[in-house]
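Biologist: I would like to take a close look at one part of this model, and I would be glad if you went through it slowly, since I am new to reading structures.

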Amino acid sequence: GMKPAQLERRVKRVFKLSVGQFVRKVRIDLAAQLLRDTDLGIAEIALRCGYSEQSSLTRQFKSAVGCPPGEFRRRF
């Protein structure tokens, strides 16, 4: 029941992120948790986190975390 601009302002005020940035953060955080806590393949994790392709997850994960998902899993 909220207009998009109002949602954007509230999310920005509370989380200091745009709605898009917040969604990406939630997806990357979930992917990191699944990489640490499960043996799921990276493609399956990508789908569970809302990415249509593994390459999309890999690109955004590397940008946010500093290493690709496979390397993150080996480290942790």
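At what angle do the axes of α2 and α4 cross, and within what distance do they come? Please start from that pair of helices and then place it in the rest of the chain.

Modeller: Please keep in mind throughout that this is a predicted model. The axes of α2 and α4 come within 10 Å of each other, and they cross at roughly 95 degrees. Because angles from 65 to 115 degrees count as roughly perpendicular, α2 is described as roughly perpendicular to α4. In general, a pair of packed helices is described by two things, the angle between the axes and the distance between them.

The residues that make this contact come from both helices: α2 brings Arg24, Ile28, Ala31, Ala32 and Leu35, while α4 brings Leu57, Gln60, Phe61, Ala64 and Val65. Sorted by class, the contact of α2 with α4 holds eight nonpolar residues, one polar residue and one charged residue.

One residue of this contact deserves a longer look, and that is phenylalanine 61, which sits in helix α4, a helix running over residues 54-65. Phenylalanine 61 has a relative accessibility of 0%, and because buried means under 20%, it counts as buried. If neighbours up to four places away in sequence are set aside, phenylalanine 61 touches Ile28, Ala31, Ala32 and Leu35, and also Gly66, Cys67, Pro68, Pro69 and Phe72. Of these, Phe72 is 11 residues from phenylalanine 61 along the chain, and the C-alpha atoms of the two are separated by 9.5 Å.

Leucine 57 is another residue that α4 brings to the contact with α2. With its neighbours within four places in sequence left aside, leucine 57 is in contact with Ile28, Ala31, Ile42, Ile45, Ala46, Tyr51 and Pro69.

Both residues reappear when we turn to the nonpolar core. The largest nonpolar core has 14 residues, and those with the most contacts inside it are Ile45, Leu57 and Phe61. Three helices, namely α2, α3 (residues 42-48) and α4, each supply at least two residues of this core, and the largest share, five residues, comes from α2.

Cys67, which we met among the residues touched by phenylalanine 61, leads to the matter of the cysteines. A disulfide is, in general, a covalent bond between the sulfur atoms of two cysteines. In this model the count comes to zero disulfides. Cysteine 49 is in no disulfide, and the nearest cysteine sulfur, that of cysteine 67, is 15 Å away. The cut-off for such a pair is 2.5 Å, so the sulfur of cysteine 67, at 15 Å from the closest cysteine sulfur in cysteine 49, is too far for a bond. Cysteine 49 is nevertheless buried, with a relative accessible area of 5%, and cysteine 67 is buried too, with a relative accessible area of 3%.

We can now follow the chain back to the stretch before α2. Valine 11 is found in helix α1, and it is buried, with a relative accessible area of 13%. Leaving out residues up to four places away in sequence, valine 11 touches Lys16, Leu17, Ser18, Val19 and Phe22. Its C-alpha atom is separated by 25 Å from that of leucine 34, which is 23 residues away along the chain.

Two of the residues touched by valine 11 lie in the loop between α1 and α2, namely lysine 16 and serine 18. Lysine 16 is exposed, with a relative accessible area of 64%, whereas serine 18 is buried at 19%. Most residues other than glycine have a negative phi. Lysine 16, however, has a positive phi, near 60 degrees. Serine 18, with its neighbours within four places in sequence left aside, is in contact with Glu8, Val11 and Lys12.

Finally, here is the setting of these parts. The chain has five helices and zero strands, and buried residues make up 24% of its 76 residues. The C-alpha atoms fill a box of roughly 40 × 20 × 20 Å, taken along the principal axes. Among contacts between residues at least 6 apart in sequence, 36% join residues that are at least 24 apart.

Technical notes:
Residues are numbered from 1 along each chain as its sequence is written. This is a predicted model: local features need pLDDT of at least 70, side-chain atom pairs count only at pLDDT 80 or more; totals for chains, interfaces and linings use all residues. Side-chain values use heavy atoms; hydrogens and water are left out. Helices (H or I, at least four residues) and strands (E, at least two) are DSSP runs, numbered from the N terminus. Buried means under 20% relative accessible area, exposed over 50%, partly exposed in between (1.4 Å probe, protein chains only). Contact means heavy atoms within 4.5 Å. Axes are lines fitted to C-alpha atoms, for helices over the stretch in contact, and angles run from 0 to 180 degrees between N-to-C directions. Angles under 35 degrees count as roughly parallel, over 145 as roughly antiparallel, 65 to 115 as roughly perpendicular and the rest as oblique. Ala, Val, Leu, Ile, Met, Phe, Trp, Tyr, Cys and Pro count as nonpolar, Asp, Glu, Lys and Arg as charged, and the others, Gly among them, as polar. A nonpolar core is a set of buried Ala, Val, Leu, Ile, Met, Phe, Trp, Tyr and Cys residues joined through side-chain atoms within 4.5 Å.
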